[in-house]
Amino acid sequence: MSKLFSLALIASLFAATKAINEEEYGNIGGDPHITTWKDEHYEYHGQCDLVMLQDAEFAEGLGLDVHIRTKVVRHWSYIESVSVKVGNDVLEIEGSADAEDEEAHYWYNYEYQGECEDLAGFPVIMTKQISYKRQYILDLSPKYPGKDITIELFKEFVRIRLHGDEVIFGNTVGLLGDFKTGKTLARDGVTELNDFGDFGDEWQVLPSDPRLFHQSAHPQFPETCIKPEDPRGERKRRLSESTISTEEAEAACAHLKDPLSIKDCVYDILATQDLDMVGAF
């Protein structure tokens, strides 16, 4: 099993990291809600493997790839797993819908619960607050002091937060768009896609991309990403049948600082009919 640190120690380490670096740039999580490098929020509803970001020149040529795997549930979707590759090392992480599940679901270099202390020299720190809420921190401090990639699990939901700057992520491409301009660029690096559905489809994992997940899942290119049926109409019908009111969801999410995060939180609670979903934010 991987090296685990005490919660007290990990809390102090992470607090120090956050103190050094208050900026959070791109992140993906929830429905899934995607925040680009320029803090633009959008949603992509489709089931497939997607390129969150990639940069062949990361850390002087080690390379960085982050792929997410999404799953459609009725009229919405969520991130069920993420895989991160640095150099030749790969860490895949998956959530669990079972709130009583005490097991850590991860694969290190395609081995289930393989010993994982680092990815290409960058330490991996794993913590568990409660059985269904875990955190994995890829500490970039050996090369980029105070910076990290944090993966948060809340039940079956996965969120990825990137704490860094242009020095680290300035050359990445993928679902977060262009770091410098904020444009949502296609794979050719030139074409700007203003429809987020088309943009998400563009970044479906291709056979030419590295294989990061330990096993394949439907669909795989050239099959297209699976879309929810009539997502907007079905959402309205479902929300009209909700047992949790909009007011209750808003009250649960009121402590969040970012208005768009509050909006995303409210929607996720109403979509899942689970007030505990606030814990995913």
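A disulfide is a pair of cysteine sulfur atoms within 2.5 Å. In this predicted model, the count by that rule comes to 1 disulfide, and the link of Cys48 and Cys225 is right-handed, with 80° about the S-S bond. The protein chain has 7 helices and 14 strands, and buried residues make up 51% of its 281 residues.

**Disulfide**

- The sulfur atoms of Cys48 and Cys225 are 2.1 Å apart, which is within the 2.5 Å cut-off, so the pair counts as a disulfide.
- Cys48 lies in the loop between E3 and strand E4 (49–55), while Cys225 lies in the loop between helix H4 (196–202) and helix H5 (231–240), so the disulfide ties together parts that are 177 residues apart in sequence.
- Cys48 counts as buried, at 2% relative accessibility.
- Cys225 is buried as well, with a relative accessible area of 6%.
- Both values fall under 20% relative accessible area, so both cysteines meet the cut-off for buried.

**Other buried residues**

- Ser77 is found in strand E6 (residues 76–86).
- The relative accessible area of Ser77 is 0%, so this serine is buried.
- The side chain of Ser77 makes a polar contact with the side chain of His45, at 3.4 Å.
- Cys116 also counts as buried, at 0% relative accessibility.

**Sheet**

- An open sheet of 8 strands runs in the order E3-E2-E1-E14-E13-E12-E11-E10, with antiparallel pairing.
- Strand E3 (41–43) and strand E10 (118–119) are the edge strands, because each of them pairs on one side only.
- Strands of a sheet pair through backbone hydrogen bonds, either parallel or antiparallel.
- Between E10 and strand E11 (residues 122–130), the pairing is antiparallel and covers 2 bridges.
- The cut-off for pairing is at least two bridges, so E10 and E11 count as paired.
- Asp118 stands opposite Pro123, a residue of E11.

**Whole chain**

- Among contacts in the protein chain with a separation of 6 or more, 55% are accounted for by residues 24 or more positions apart.
- The protein chain exposes about 12,900 Å².
- Carbon and sulfur atoms supply 51% of that exposed area.

Definitions and conventions:
Residues numbered from 1 in each chain as written. Predicted model: local features only at pLDDT ≥ 70, side-chain atom pairs only at ≥ 80, totals over all residues. Heavy atoms only, no water. Helix = DSSP H or I, 4+ residues; strand = E, 2+ residues; numbered from the N terminus. Buried < 20%, exposed > 50% of the residue type's maximum accessible area, 1.4 Å probe, protein only. Contact = heavy atoms within 4.5 Å. Areas by Shrake-Rupley, 256 points an atom, 1.4 Å probe, with all protein chains shown as cover. Polar contact = N/O pair within 3.5 Å; in protein donor to acceptor, adjacent residues only side chain to side chain.
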